[in-house]
Every structure is written in structure tokens, then in C-alpha cells.
Amino acid sequence: MKHTFRWFGAHDPVTLAHIRQAGATGVVTALHHIANGEVWEVAAIEKVKNAIEAVGLEWTFIESIPVHENIKLRQGDFRKRIDNYKQSLVNAARCGIHQVCYNFMPVLDWTRTRLFWELPHGGTALRFDIVEMAAFELFLMQRPGAEKAYTSEVLTEAETLFAKMSASEKQVMEDNILKGLPGTVEDLSMSDFKAMLSPYDGLTHQDLKSNLSFFLNEVIPVAEEHHMVMAIHPDDPPIDIMGLPRIVKSEQDLEDLISFVDSPANGITLCTGSLGANPEVDLPKIVAKFADRIHFLHLRNVRREADGSFYEDNHLDGSVDMYAVVAEIMNIEQQSGREIPMRPDHGHQLLDDLNTSSAYCGYSAIGRLKGLAELRGLELGIKRTRL
């Protein structure tokens, strides 16, 4: 595997020098200062690429060129936004960057109810708690029909939880869930959030899949022409939330995605945490089945709980059999001659990083360094046993 690290640009407290010290050879980043739906110009791309190469690293994968909400809805100026997306792909190819990660999650992208959930050893992790999410939807957001999305047990627990919460605890919950996490939208107010949700009223899973298919049939030919690959990131969490449909969360969803455009350029980012939070997903099977379409790897682990909650575990622990997943990835690499880029993801906040508030949630340096070291060790161990 090709070892990479995500970087959020010049304002990221985890610098390019830190990334190189962590043992990565590549960087995964984006033009975070460019508004969603606008064109990435060549000069802006080259500026970031040059900064990365100046410290001896390469810009391995774009993560991501965000898909504008009007494209997901196929409304308003969506055709202009698609044209802008195509031009951004062309400009990236001109700069020698040919791999793009993206997602099709409405409004919030990935979300958590806890951003600094304390672990037994004193570090912190990201956590998605189904009871807290139900309490948010029912009592803070007051979404009509929200009760239909949860079991009676979860609804009862959510009501009890909310009744015990102080005003400050309720505000923290709202801030956590509406946090503009790295690579997504800016922090949202409740009124802003409800306004962004409104256009999705009545939009079904099939509607959103149809809009994704339309988008891919527009952009994949451009990617093919310029020798690029697109790699969709699965939905996180892999369930419908806040009345929004999630359409990339299962084996069937991935089959549907591939059927939209039959091209190697229409590919997948294998996120073992997003897919692994779905207990019905067999990850080693997914790797083998979609081998030629997996272009990018987000290797992280989650610990699933019976009610649908989960938290980010150590990279080699949790509910995902990381050994089996990496072993299958290495089978693909051996058979194809490819070296698939991977990055550790959603690291714990540990050691000195506990004393800083400037790091992005899940993206502090030490936790991801630990994850990268564990994954590199696992990879080497599998390789050596096969000699």
C-alpha cells in the first residue's frame, strides 16, 4: 500500500513536516478555501502541489472536490455546477493529479454526537450514539416524523436522557452534531441547518441514486479522457439520519454505483469504518468483489454496539477484522501490480495532543501516527509471512 496522510492546508496544525515525520510518503488534501461548486484553477492547484513537493512528499489523492448540493438535488444551477466540476477535473489532470475522492452525502457529510469521547486510557475518540442522535432529532431539532426512524427502546432512552440534560449539555450536543467537520460545510446554526434540509423533503433513496447516476454519466467520461479515477466515499454513519437518504452504505449500494457507469474510472474509496459500522457488511468479501474498482483506502476501525451506536477504536481493534481486510488488499495488489493509496483515519486524541484545542476532531497528529504505524506493521507482517 502507498502510505498517505490527510492534510487540511496551510492552517492545519499538523504540518507537512509532521506528516513526513510520521512515515507517510504521500498527502491527501484539497483546495479547502475554494467554495463548493466553484472551479479549481490551475494556479491554485499548482501552489498546493508545489508546497507538498517542497518537503519531499507527493499529492497522491484529492480529497475531495466536493459535490455541490444542487448537483445532489439536480435542481437550480446544477448544470453549471457539473460543468465547474468537469473543469476542475481537467485542471487537476493538467497538474498531474489523477485520483479524486468524493461523496454524495446530503448536507452534513459525516457526523458524530461526541467529538471528544473519553476512553478508559484517558485519550478521546469520535463517537456516534444512537440515543443522543434520537434526542437531538426529537427534542432539539423537533423533526416531524423523527420517531419513525428509531426503535421504541431508543425513543424511551432518548426521552430520559434529554430530560436529565442541562442547557449547556444540550448546546454541546447541538454544536457537536452540526459541527463543520473537516472537508464538509462550515459550522451550522439550527436555522441554517433546517433551511439546508428543506429542499430534500420527500427525496427518496431512488431519487438520490438517480441524481448520482446522472452526475457520474456526466463526469466519468471526462475522467476517462484525462486518465483519472473517481472514488466515492461511503456514507457515514451508514444509516439514514435527520430524514436524509443514505445511498452508499451496503454491498448492494456499491453494486448499483458500479452499474451507473461501467468504467474503471467509476470507483470506490474503501472506508473500513463507514462500511464497518454496518453489521451486515462483510468487508473482506467487499474487497475481493470490487477489487478493480477500489482506488483508495481509509483504514480505520469502529467498535459497534448492539443499538447501532459505535465509536472509533484503535486501528487494529474494534469490530472490523483489519488483518483479513489488509490481507485481501495485499492479494489484490499482488495480482494486479497496483499499489493502492491508504491513509489512517479518525485517530484518537492522545498524549500532547490532549493539550491543544487547535487540531481537527479525529485528525490530531499522534493518534493518526499511531494508526499509520500499526497499519504499516500489519502490512509488513503479512508480507513477511508470505515470503
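**Entry 1, a buried ring.** I started at phenylalanine 310, which is buried at 2% relative accessibility. A note to self: this is a predicted model. Phenylalanine 128 is buried too, with a relative accessible area of 0%.

**Entry 2, aromatic pairs.** How many aromatic pairs does the structure hold? I found ten. In one of them, phenylalanine 104 and phenylalanine 215 have ring centres 6.0 Å apart and planes at 35°, so I logged the pair as tilted. Phenylalanine 104 sits in the loop between strand S4 (99-102) and strand S5 (114-118), while phenylalanine 215 is in helix H9 (residues 205-225), 111 residues apart. Back at my starting point, phenylalanine 128 and phenylalanine 310 form a stacked pair, 5.5 Å centre to centre with 25° between the planes. Phenylalanine 128 belongs to strand S6 (residues 124-128) and phenylalanine 310 to strand S11 (residues 310-313), so this pair ties together parts 182 residues apart in sequence. I also noted one aromatic cluster, formed by Tyr85, Tyr102, Phe104 and Phe215.

**Entry 3, charges over rings.** I saw arginine 127 over the face of tryptophan 117, at 4.7 Å from the ring centre. Lysine 170 lies over the face of phenylalanine 162, at 4.2 Å from the ring centre.

**Entry 4, cysteines.** I looked for disulfides and counted zero. Why does cysteine 95 have no bond to cysteine 101? Their sulfurs are 19 Å apart, too far for a bond, although cysteine 101 holds the closest cysteine sulfur to that of cysteine 95.

**Entry 5, a pocket.** The second largest pocket has a volume of about 490 Å³. I listed 22 lining residues, with Ile130, Pro238, Ile239, Asp307 and Gly308 nearest its centre. The lining divides into eleven nonpolar, five polar and six charged residues.

Notes. Residues numbered from 1 in each chain as written. Predicted model: local features only at pLDDT ≥ 70, side-chain atom pairs only at ≥ 80, totals over all residues. Heavy atoms only, no water. 1 Å grid on protein atoms, 1.4 Å probe; cavity = no way out; pocket = protein on both sides within 12 Å on 5 of 7 lines; lining within 4 Å. Points joined across faces, edges and corners; volume = space filled by probe spheres on them. Nonpolar A, V, L, I, M, F, W, Y, C, P; charged D, E, K, R; others polar. Disulfide = S-S within 2.5 Å. Phe/Tyr/Trp six-rings, centres within 6.5 Å; stacked < 30°, edge-to-face > 60°. Helix = DSSP H or I, 4+ residues; strand = E, 2+ residues; numbered from the N terminus. Buried < 20%, exposed > 50% of the residue type's maximum accessible area, 1.4 Å probe, protein only. Lys NZ or Arg CZ within 6 Å of the ring centre and 35° of its normal.
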